Amino acid sequence: MDIEYLAKLASSASSRNLFSLFKDTERSDKYSLSAAGLHLDYAKQNITDSELKSLLFLANQENLSDKIIAQFSGIKLNNTEQRAVLHSVLRAPEPVKRNVLAEQSQELVDTEAKMARIVDDVQTGKVRSVTGEKFTDILAIGIGGSYYGVKVALSALVPFHLQGLKAHVLANVDGDAAQEKFNKLNPATTLVVVISKTFTTQETLLNATIVKDWMLKAARNISISASGIIGDDIISQHWYAVSTNIPAATGFGIKEENILPMWDWVGGRFSLWSAVGLPLALVIGNKHFSELKAGAYLMDQHFQQAPFEQNMPVIMAMLGIWNRNGLGYPSLAILPYNHALRALPGYLQQTDMESNGKSVTNDGEQLDHLTAPVVFGQEGTNGQHAFMQLMHQSADIIPTDFILSLAPTSKFLANHDALVANCFAQSEALMQGKTLVQAKAELFASGANEADVNRLASHKTMKGNTPSNTLLMKQLDPKSLGALLALYEHKIFVQGVIWGVNSYDQWGVELGKQLGKEVLDVMTNPLESIESTTLSSSSLSLIRYYKDRLTNV
Ligand code: F6P
């Protein structure tokens, strides 16, 4: 069976009424499972037992079990960069680290110990700012995979933040983003962590440079009675980095002992579990950071051990493939019904689309099938008053993942009940829809006359038939967040295996970087001096507008 066959297999599902599947009264028990503290209800997916069986047959046919073993044991699955994919080892117990990484494990164990020490020293005040004060703020500078994980975990785990230490993340190269941070930060008590695997990323280096200038400028005005003017000390005392490129980080001015290493076997978008998590650990503490990793490890074990029909990442991945390649749905909505998870759609947009947004196989052959869906979303209930109109009434069907923690994180219980009710109601509404007959009956019942009923009824119909998963966790805490993020990591991996792509490279971002340099070159030199350019007349004309902006606006 190949992926193309899924479209044939799904032909009856395409015309089936999804809600009709609930004639099977056992359906919600059969189509749900629990793992690592998470509960997945996938009964609202448009799938039957035999179709699911075919999907799992496909997974077996693609040797998914062997690929899982290969990934966890460090085979170089990232074949275009000749790299192993071992982010999972970062959250495994030490004996597993020793076994998988052999002699490299010591560096990992030492790095973890060093990171834990930094966290303790900053939190207890053993390490202080140049003014002798305790640090009050952490500013993490990074982008892409060196940003999203930290961002999603920081906002998800606010109740676990320690008093007296605030974390901020800076990614966008727009100077306004940095200015926004400067407006609220005190350079004398801000600790900076530059996160860049390569330490060559344009945005991160530009931001790091302006933050450094801001801090140095401020330092000139800070005098302390004992040692006079602080000067460059502020950089060596306040700045940390996480990178594989230690020479570039030291060259930037960061003290070597303040640099934590990364390894090429950790992909940026899967790196939260490494020293990349330093800004998070500084704010939530070592215990909670360990719990985050422990939750992810629970999911890792489940993924490696559970039979496919009981395996949460495998089931979610195969349902995604069913929706994408069988039923032909082009997108996926991620709707967390938790304010604290508002950064999750952006995070998953990156991990999913940067991993599987590909159209050639591992061997470089053109694929005959489509891969990653367009991932988008927003926290509930905000999305209901925005794009969910389209989800209910446009002709496009948008499969959805609803995500919800059962325990409220605020004391406003009536709000929490309303939040939960809205979450459950939306999945029901997307599935059931409203027929013309129902719309008419409702209008008549509301007292409308026949003319109004005929005029309005079709506007009030909803297509229904939208499949969804609902993922529940008892409460949002470091452990459940770890399990949730690991669940999606593994789901993305499984889909990459079935689609036959390398989920761990990202060559697609390179052309933009390359042309970005060329455009900057044209922008910063007189146009007449440019001898040749690959840029179109459209872009050259835009550059001209930019150069003339002061006179022509
Ligand atoms: O977006 C491309 C990318 O290379 C990602 O893979 C990476 O997470 C991000 O840019 C940042 O890269 P770095 O950590 O090297 O600064």
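**Cavities, pocket and ligand**

Trainee: What are the counts of nonpolar, polar and charged residues in the lining of the second largest cavity?
Mentor: Bear in mind that this is a predicted model, where local features need pLDDT of at least 70 and side-chain atom pairs count only at pLDDT 80 or more, while totals for chains, interfaces and linings use all residues. Residues are numbered from 1 along each chain as its sequence is written, and side-chain values use heavy atoms, with hydrogens and water left out. Ala, Val, Leu, Ile, Met, Phe, Trp, Tyr, Cys and Pro count as nonpolar, Asp, Glu, Lys and Arg as charged, and the others, Gly among them, as polar. On that split, the lining has 6 nonpolar, 2 polar and 2 charged residues.

Trainee: Which helix gives the most to the lining of the second largest cavity?
Mentor: The cavity is a set of points on a 1 Å grid over the protein atoms alone where a 1.4 Å probe fits but cannot get out, and lining residues have an atom within 4 Å of a point. Here the lining includes L108, T111, E112 and M115, along with W263 and W273. Helices are DSSP runs (H or I, at least four residues; strands are E, at least two), numbered from the N terminus. The top contributor, with 4 residues, spans 105-124: helix α7.

Trainee: And what volume does the largest cavity have?
Mentor: By the same rule there are 3 cavities of 30 Å³ or more. A volume is the space filled by probe spheres set on grid points joined across faces, edges and corners. The second largest cavity holds about 60 Å³, and the largest has about 160 Å³.

Trainee: Which element supplies the largest share of the lining of the largest cavity?
Mentor: Of its 18 lining residues, the closest to the centre are G320, N323, L332, P399 and K491. Two or more lining residues come from each of α14 (312-326), β10 (331-336), β12 (400-405) and α20 (478-499). The largest share, 5 residues, comes from α14.

Trainee: Where does the ligand sit?
Mentor: A pocket is an open set with protein on both sides within 12 Å along at least five of seven lines, and a molecule sits in one if more than half of its atoms lie within 2 Å of its grid points. One such pocket has about 1200 Å³ of space and 41 lining residues, with T198, T201, V509, E510 and K513 nearest its centre. α21 gives the largest share of that lining, 6 residues. The space taken by the ligand is the largest pocket.

Trainee: How far is the side chain of T201 from an oxygen atom of the ligand?
Mentor: The ligand's surroundings (residues with a heavy atom within 4 Å) include S146, S196, T201, E354 and K513. Look at the polar contacts, pairs of N or O atoms within 3.5 Å. S146 puts a polar side-chain atom 2.6 Å from a ligand oxygen, as does S196. For an N or O atom in the side chain of T201, the distance is 2.5 Å.

Trainee: Any backbone oddities? Which residues does the cis peptide bond join?
Mentor: Most residues other than glycine have a negative phi, and most peptide bonds are trans. Q82 has a positive phi near 55°, and N465 has one near 60°. The cis bond, with omega about 5°, joins G380 and T381.

Notes: Polar contact = N/O pair within 3.5 Å; in protein donor to acceptor, adjacent residues only side chain to side chain.
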